[in-house]
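Hello,

Here is the structure I promised to pass on. Please open it alongside this email; my notes follow below.

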Amino acid sequence: MFKNLKQMNGLISEMRKLTNDPNSLKDPQAIMDSMGINQEELEQQLSGILTKKATLKFTKIHPDSVEPKYNYESDSGFDLHSTEDVTVEGMGRALVPTGLRFDIPMGHEIQVRPKSGLALKEGLTVLNTPGTVDQGYTGEIKVIVINMSNTAQTIEFGDKVGQAVLCPVVAGKWVNLKRVLDINEKDRGDNGFGSTGN
């Protein structure tokens, strides 16, 4: 997209001019056209970045913990298994260890989510779903499980307790939190819960 540094500097200069004219920001296509950016080419490059194969390094801190694996290539997540026998009382909750630590790549997080079969059959689900595991965390992944049934449920060693999904995310170091006096109104406004129908 950018052939050299000089071209990129020229585009930055052009963007500065455009941002000084509030009317120019209303037409994104005009902005791209003025900068010589081909939308189709840009989308292809971004798609290539998003579909680039990521490496997720892990270590087992329990000798018998189940190694993570994707059951199908099309799966979004891999299963997390308990490394202890844990009884969760009816309407109770427990912290379940998995015996796994991860080196999460920059620009990603792991989201811990429920297993639908476990929720349907046993009434066990992940309480803080999705649980966020930040890129900088290197400790053991533990799953907060809640028992939504009235009877105690026992999670046995090796049982599935949730699933982990590696997700791209904008980390705090790339975000400039800026306090302002007011927020610009948008088409949805403050229409919240149920505003788009059931």
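**Starting at G10**

G10 is partly exposed, because its relative accessibility is 39% and the partly exposed class lies between under 20% for buried and over 50% for exposed. Please keep in mind throughout that this is a predicted model. G10 sits in helix α1, which covers residues 5-19. M35 is 25 residues away from G10 along the chain, and the C-alpha atoms of the two are 8.8 Å apart.

**First sheet**

One open sheet has four strands, in the order β2-β10-β5-β7. Its pairing is antiparallel. The edges are β2 (77-81) and β7 (131-133), and each of them pairs on one side only. Neighbouring strands here are turned by 30 degrees against each other on average, direction ignored.

Inside this sheet, look at β5 (residues 108-113) and β10 (residues 160-168). Six bridges hold this antiparallel pair. To find the register, start from E109: the residue opposite, in β10, is C167.

**Another sheet**

Another open sheet, again of four strands, runs β1-β4-β8-β6. The pairing is antiparallel here. β1 (57-60) and β6 are at the edges with a single partner strand each, so one side of each has no neighbour in the sheet. From one strand to the next, the twist averages 45 degrees.

β1 and β4 run antiparallel and are joined by four bridges. T59 faces R101 of β4 across this pairing.

As background, strands of a sheet pair through backbone hydrogen bonds, in either the parallel or the antiparallel sense.

**Cores**

Which residues of the largest nonpolar core touch the most other members? They are L80, F102, I110, V112 and I155, out of 22 residues in that core. At least two core residues come from each of β2, β3 (86-88), β4 (93-103), β5, β6 (124-126), β8 (140-147) and β10. β4 gives the most, with four residues.

L80 is worth clicking on. Leaving aside neighbours within four places in sequence, L80 is in contact with a list of residues that includes T98, L100, V112, I141 and V143. The stretch D159, K160, V161, G162, Q163 and A164 is also among the contacts of L80.

There is a second, separate core as well. This one has five residues, among them L11, I31, M32 and I37. In general, nonpolar side chains tend to be buried together in soluble globular proteins.

Best wishes

Key:
Residues numbered from 1 in each chain as written. Predicted model: local features only at pLDDT ≥ 70, side-chain atom pairs only at ≥ 80, totals over all residues. Heavy atoms only, no water. Pairing = 2+ DSSP bridges. Axes fitted to C-alpha atoms, helices over the stretch in contact; angles between N-to-C directions. Core = buried A, V, L, I, M, F, W, Y, C linked by side-chain atoms within 4.5 Å. Buried < 20%, exposed > 50% of the residue type's maximum accessible area, 1.4 Å probe, protein only. Contact = heavy atoms within 4.5 Å.
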